[in-house]
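Please open the model in your viewer and keep the selection panel at hand. The stops below are meant to be taken in order, each with something to select and something to look for.

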Protein chains: 2
Amino acid sequence: MAVTFARGFRAGTAACGIRAFTAGASAIPREQKDDLCVIHSAYPCDTGGVFTTNKVKSASVVIDQLHLQRNQVQAVTINSGNANACTGAQGFRDALLMAKLSADRLDLDPYQVLVSSTGVIGRYLPMDAIKPGIAQACGQLSEDAGEAAARAIMTTDTVPKTAQVEVDLGGATVRVGGMCKGSGMIHPNMATMLAYITTDAAVESGLMAKLVKSVADRSFNQVTIDGDSSTNDSFLMLANGAAGNEPVRAGSVQAEQLEAGLVHVAQELARAIARDGEGATKLITVRVLDAVTDGDAREAARTVASSSLVKTAVHGGDPNWGRVVCALGYSGADLALDRLHLTVGGLVVFERGAGVDVDLAAVRRAFEQPEIEIVAKLGLGEGRAEAWGCDLSEEYVRINADYTT
Amino acid sequence: MAVTFARGFRAGTAACGIRAFTAGASAIPREQKDDLCVIHSAYPCDTGGVFTTNKVKSASVVIDQLHLQRNQVQAVTINSGNANACTGAQGFRDALLMAKLSADRLDLDPYQVLVSSTGVIGRYLPMDAIKPGIAQACGQLSEDAGEAAARAIMTTDTVPKTAQVEVDLGGATVRVGGMCKGSGMIHPNMATMLAYITTDAAVESGLMAKLVKSVADRSFNQVTIDGDSSTNDSFLMLANGAAGNEPVRAGSVQAEQLEAGLVHVAQELARAIARDGEGATKLITVRVLDAVTDGDAREAARTVASSSLVKTAVHGGDPNWGRVVCALGYSGADLALDRLHLTVGGLVVFERGAGVDVDLAAVRRAFEQPEIEIVAKLGLGEGRAEAWGCDLSEEYVRINADYTT
């Protein structure tokens with residue numbers, strides 16, 4: 001399942017104690033969870049990636065952008081517990097060494113390996129702990145380790161996040177699977193998000209790079225906002241061709257079908273991130289309809305979903321829908337108040353320029369559900385989008401006030 | 001003191017029970033705090049104002065923008081407990097009625113009165129409660145009511161916020177005083193901020209309008225972010241000429257001296273907002289130096305000051321300076337990591353592209369102070385700016401999860 005659902009992909013994991021060593025420990029903790037994983041493909045993959053737009057990038061991101069240029073990726077090595085960001089020249093040496101150690105074990109060239117890191121910023125990777133971990137993970141690659149890999153990349157995540165789907169490309173059936181880590185936080189964008197989708201579809205070279213941005217815009221970017229992101233955010237799509245189908249060409253019907261499968265898996269993963277927000281107790285889905293453009297709808301939906309006042313109101317079961325209207329107002333999307341139609345949990349709360357005199361107890365019940373849907377019809381065009389968020393709880397603050405200690 | 005420090009300004013207050021009536025109460029609560037105030041000037045004022053850039057504006061903001069065009073303002077009527085936003089045509093009638101009732105009592109024309117509201121969005125103003133409040137406030141105007149006025153405009157504020165200074169304009173001494181309400185929140189911009197500065201300086205007509213944006217950019221906009229603001233944010237500067245000085249002309253030395261006094265009061269008020277953030281326990285001052293431009297420095301400083309990860313780290317006394325570097329990275333300001341020099345509480349934590357091996361216990365002690373200064377030298381130019389924020393505590397969530405109830 002997950003990243004090993006598609007044929008030809010295997011994974012391996014190891015428990016290295018990366019976070020403990022980063023914090024200065026001299027021995028691996030007794031009950032150490034897995035914190036390193038390797039994804040391996042039997043064949044070189046067509047690979048696309050999108051990365052953080054932060055001007056401060058983890059060394060791993062810079063190395064990946066370089067390695068992607070050759071488009072011969074066959075493995076990804078990922079560690080949690082240390083972000084390898086703000087680590088200067090040593091950080092680049094360490095990221096390259098992670099790729100080289102993995103390549104040596106897997107009989108690949110280093111440029112065929114991508115690397116990701118997530119965790120504390122500003123500390124050097126404990127390479128003495130990572131080296132044996134890479135050897136161990138590469139030594140026990142398995143088709144059954146998809147779930148274990150999803151666990152190995154977790155940091156403050158409370159559950160592993162995986163999804164998979166089969167896609168019919170007019171005769172040939174291909175598989176798409178994925179995993180991610182990340183939390184839909186107050187500034188959801190600031191939590192590192194790592195996501196990996198693998199497929200056994202055969203595709204023409206460069207197709208994954210063509211599709212990856214559009215898939216991200218309809219999924220991860222609706223919980224993690226572009227241009228306002230962590231040092232390490234990465235989303236990779238790998239296609240290895242193991243399904244043996246006729247290679248999918250850009251612009252074809254098969255490309256649309258494959259893209260729909262990729263979007264499906266990506267949206268499932270994005271929703272899982274929102275639901276697992278640090279300290280979150282509720283999933284918030286914001287659907288914006290009838291915007292001037294899809295881009296406007298995306299902006300409006302994610303602005304509402306990431307508003308901390310909306311999030312705290314939802315947490316408290318507070319029918320304060322005015323905060324939704326306020327967030328729409330500063331989202332940047334075109335808005336005409338007299339055309340706005342707003343529902344919360346299916347109840348109309350705002351139309352024709354003013355609040356509706358609804359039963360506040362019913363609104364409150366709607367807010368108290370574990371999942372709540374906010375639908376804003378802007379009445380201006382045909383643009384539409386969804387975004388996902390979580391409520392904001394006291395627990396969020398506790399988690400983040402004491403992260404490195 | 002405060003808005004009555006400058007000669008010729010008086011204030012009056014009243015306890016109307018606006019929030020209770022908005023929530024459906026049928027009688028005024030016994031221990032109702034003042035929730036309405038009127039500021040009155042003995043002479044028509046030269047007035048400048050800046051308002052929210054939210055597309056959803058309170059009726060009061062729209063009315064004020066109209067009334068300012070005549071530039072004959074002589075009174076401001078402000079209520080807390082209800083924002084009069086998202087209230088349709090009724091909201092405009094109510095805002096106009098607030099101005100008219102005040103004007104009638106003060107023998108003014110309605111366009112000489114500005115109105116502000118702050119509180120819950122989407123409920124009609126309880127005008128039956130406000131009418132007698134306006135009569136009462138106008139009936140007991142006093143030079144001693146500056147502090148009471150500052151209390152009347154509070155919502156979740158825990159302390160009234162006032163400041164004043166005397167300015168020597170080369171012979172003539174003029175007075176500048178002010179008050180504000182607002183909290184430096186997670187999205188500081190989303191809390192309604194109302195600020196009023198009065199001066200008895202005589203100025204040429206239009207000077208306040210010329211200065212108000214520049215004063216706001218160096219003060220309130222560094223805790224409350226433009227373009228991402230509440231439905232009601234307003235900042236007004238009124239000059240009534242009671243000091244009898246030679247009218248100050250734009251571009252003169254006296255204009256610079258007066259502007260320095262206005263900025264001083266505005267920065268004092270802005271810092272008070274940051275310090276009084278909802279649930280805040282610490283003031284965070286972010287100073288960015290050597291940026292390419294002042295605008296870059298402003299962006300960078302306020303991005304760091306409003307980062308919820310920086311805020312929670314400061315709250316927890318956590319020496320996680322990597323979050324500061326991350327926030328600088330997505331601020332949009334030009335940044336070259338190898339030139340960045342970062343201090344926290346006077347301790348160097350980052351330079352030459354990597355973290356410094358500092359005594360973490362010392363960093364922790366710095367974070368644990370009630371006020372903490374973060375200084376980022378970007379090493380790129382001569383731009384500089386300050387911004388202010390507060391830490392993020394569990395208490396913030398409790399306050400905002402249950403605001404309208």
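The tour goes through a predicted model, beginning with domains and then turning to sheets and helix pairs.

**Domains of chain A**

Begin by colouring chain A by its domain assignment, which gives domain 1 as residues 2-275 and domain 2 as residues 283-401. If you place a marker at the centre of each, taken over C-alpha atoms, domain 1 of chain A and domain 2 of chain A are separated by 32 Å.

**The six-stranded sheet of chain A**

Next, select the strands of chain A that make up an open sheet of six, with mixed pairing and the order 13-12-11-14-10-15. The edges of this sheet are strand 13 (354-355) and strand 15 (383-390) of chain A, each of which pairs on one side only.

Now narrow the selection to strand 10 (residues 283-291) and strand 14 (residues 371-377) of chain A, which pair in the parallel sense over seven bridges. For a point of reference along this pair, label I284(A), whose bridge partner in strand 14 of chain A is I372(A).

Then add helix 11 (residues 360-367) of chain A, which lies across strand 11 (341-344), strand 12 (347-351) and strand 14 of chain A. Looking along strand 12 of chain A, you should find helix 11 of chain A running at about 110° to that strand.

**A helix pair in chain A**

Move to helix 3 (residues 88-106) and helix 4 (residues 127-139) of chain A, which pack with their axes 9 Å apart and at an angle of about 30°. Angles under 35 degrees count as roughly parallel, and helix 3 of chain A and helix 4 of chain A are therefore described as roughly parallel to each other. Their crossing, that of helix 3 of chain A with helix 4 of chain A, is right-handed.

Which residues of helix 3 of chain A meet helix 4 of chain A? Show side chains for D94(A), L97(A), M98(A), L101(A), S102(A), R105(A) and L106(A) in helix 3 of chain A, and for M127(A), I130(A), K131(A), I134(A), A135(A) and C138(A) in helix 4 of chain A, which they meet. Coloured by class, the residues of this contact divide into nine nonpolar, one polar and three charged.

**The sheet of chain B**

Turn to chain B and select its open sheet of six strands, in which the pairing is mixed and the order is 13-12-11-14-10-15. Strand 13 (354-355) and strand 15 (383-390) of chain B stand at the edges with a single partner strand each, so one side of each has no neighbour in the sheet.

Focus on strand 10 (residues 283-291) of chain B, which pairs with strand 15 of chain B in the antiparallel sense over seven bridges. Within this pairing, V286(B) stands opposite A387(B), and L283(B) stands opposite C390(B). Strand 10 of chain B is also joined by seven bridges to strand 14 of chain B, and these two run parallel; here the bridge partner of L289(B) is K377(B).

Go on to strand 11 and strand 12 of chain B, which run antiparallel and are joined by three bridges, with F350(B) as the bridge partner of L342(B). These two strands form a hairpin with two residues between them, and in its turn G345(B) has a positive phi of about 55°.

F350(B) leads to the next stop, since this residue also stands opposite G355(B) in strand 13 of chain B. Strand 12 and strand 13 of chain B pair in the antiparallel sense over two bridges, and in their hairpin, which has two residues between the strands, R352(B) takes a positive phi near 50°.

**A helix pair in chain B**

Finish with helix 6 (residues 207-217) and helix 7 (residues 253-275) of chain B, whose axes come within 10 Å and cross at roughly 50°. Helix 6 of chain B and helix 7 of chain B are therefore oblique to each other, and their crossing is right-handed. Here L207(B), L211(B) and V215(B) in helix 6 of chain B meet A255(B), E259(B), L262(B), V263(B) and A266(B) in helix 7 of chain B. The residues of this contact divide into seven nonpolar, no polar and one charged.

Terms used
Residues numbered from 1 in each chain as written. Chains lettered and ligands numbered in written order. Predicted model: local features only at pLDDT ≥ 70, side-chain atom pairs only at ≥ 80, totals over all residues. Domains from an automatic or database assignment. Pairing = 2+ DSSP bridges. Helix = DSSP H or I, 4+ residues; strand = E, 2+ residues; numbered from the N terminus. Contact = placed C-beta atoms within 7 Å. Axes fitted to C-alpha atoms, helices over the stretch in contact; angles between N-to-C directions. Parallel < 35°, antiparallel > 145°, perpendicular 65-115°, else oblique. Left-handed = near helix turned anticlockwise from the far one by under 90°. Nonpolar A, V, L, I, M, F, W, Y, C, P; charged D, E, K, R; others polar.
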